[in-house]
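Open the model in your viewer and keep the sequence panel beside it. The stops below say what to select next and what is there.

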Amino acid sequence: MTKQLSIFFASLAAVFLSSCGQGDVLRVDDVVVNLSPVDGNPASGYATIYGGPEDVTLVSVTSDDVMRMEMHETLDQDGMASMQSIKSVPIPAGEKVKFEPGGKHLMIWGVGGGSVAQGSLKMLFIFSNDDRIEVQGIVKKIGAADSSDKDAENTDSAE
Ligand SMILES: [Cu+2]
């Protein structure tokens, strides 16, 4: 009886999803915050964002436990890598957008000691359709793990 009921609801969910795009759900995954080994230098943040049923724009990433957070993009200008801050990032429906070394990334100043100690930072990704997705970014200390990143700024210019 219970089993039949759950099968019924499962098929109902399948019908609902298929009637709504391809069933894509806007979500944020693999959020990592790499602390700089140099005191006072910003941490760099990376994430993977999966587009939902409609095109949206990522307009802000915030956290209560940082001093400042910016979205940046690494540019290659005449063979010299540099970066600039960006105001928003388009997230097309059903597509994957990565924040990764050498590309789009988050620059984070003043990650709170409590978040560092517990190894996770609560962050909020805010989208143009007013979706707000809260995630726990994994805070990594460079040198403690296997990361090859030396420094947020150096990573940007090296890649
Ligand atoms: Cu940057």
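Helices and strands in this tour are DSSP runs, with at least four residues for a helix (H or I) and at least two for a strand (E), numbered from the N terminus. The model is predicted.

**Whole chain**

Select the protein chain and colour it by pLDDT. The mean is 85, and 75% of the residues reach 70 or more. Residues 145-159 stay under 50 in pLDDT. The model has 31 contacts beyond four places in sequence for that segment.

Now switch to a cartoon. The chain has 3 helices and 10 strands. Read from the N terminus, the order of elements is α-β-β-β-β-β-β-β-β-α-β-β-α. The chain has 159 residues, and 26% of them count as buried. Among contacts with a separation of 6 or more, 70% join residues 24 or more positions apart.

**Strand β2 and its partners**

Select residues 43-50, which form strand β2. How many of the 8 residues in β2 are buried? The count is 6, so the strand is mostly covered by the cut-off used here, 20 or more other C-beta atoms within 10 Å.

Add residues 27-35, strand β1, to the selection. β1 and β2 are antiparallel and are joined by 6 bridges. One place to look is Val33, whose bridge partner in β2 is Gly45.

Next add β8, residues 104-109. β8 pairs with β2 in the antiparallel sense over 3 bridges. Gly45 is opposite Leu106 of β8, and Ser44 is opposite Met107 of β8.

Then add β7, residues 96-99, which pairs antiparallel with β2 over 4 bridges. Here Tyr50 faces Lys96 of β7 as its opposite residue.

Stay with β8 and bring in β4, residues 68-77. β4 and β8 run antiparallel and are joined by 6 bridges. In this pair, His72 has His105 of β8 as its bridge partner.

**The nonpolar core**

In soluble globular proteins, nonpolar side chains tend to be buried together. To see the case in this model, show Val33, Ala47, Ile108, Val111 and Phe125 as sticks. They touch the most other members of the largest nonpolar core, which has 24 residues. β1, β2, β3 (56-62), β8 and β9 (120-127) each supply at least two residues of this core.

Centre the view on Val33. Leaving out residues up to four places away in sequence, Val33 touches Ala43, Gly45, Ile108, Val111, Leu121, Gly137, Ile138, Val139 and Lys140.

**Phe127**

Move to Phe127, in strand β9. Is Phe127 buried or exposed? Phe127 counts as buried because it has 20 C-beta neighbours inside 10 Å. Apart from neighbours within four places in sequence, Phe127 is in contact with Leu26, Val56, Thr57, Leu58 and Val59. Select Ser60 as well and draw a distance between the two C-alpha atoms: Phe127 and Ser60 are 67 residues apart in sequence and 7.0 Å apart in space.

**Gly103**

Select Gly103, in the loop between β7 and β8. Gly103 counts as partly exposed because it has 14 C-beta neighbours inside 10 Å. Its contacts, not counting residues up to four places away in sequence, are Thr74 and Lys98. Add Asp76 and draw another C-alpha distance: Gly103 and Asp76 are separated by 9.9 Å, and are 27 residues apart along the chain.

**Two aspartates with positive phi**

The last stop concerns backbone angles. Most residues other than glycine have a negative phi. Which phi does Asp30 have? Asp30 has a positive phi of about 50° and is not a glycine. Asp30 is in strand β1, and counts as partly exposed because 14 C-beta neighbours are inside 10 Å.

Finish on Asp78, in the loop between β4 and β5 (80-85). Phi of Asp78 is also positive, near 50°. Asp78 is exposed because it has 5 other C-beta atoms within 10 Å.

Definitions and conventions: Residues are numbered from 1 along each chain as its sequence is written. This is a predicted model: local features need pLDDT of at least 70, side-chain atom pairs count only at pLDDT 80 or more; totals for chains, interfaces and linings use all residues. pLDDT is the predictor's confidence in each residue, from 0 to 100. Two residues are in contact if their C-beta atoms, placed from the backbone, lie within 7 Å. A residue is buried if 20 or more other C-beta atoms lie within 10 Å of its own, exposed if 12 or fewer, and partly exposed in between; C-beta atoms are placed from the backbone. Two strands pair if DSSP finds at least two bridges between them. A nonpolar core is a set of buried Ala, Val, Leu, Ile, Met, Phe, Trp, Tyr and Cys residues joined through C-beta atoms within 7 Å.
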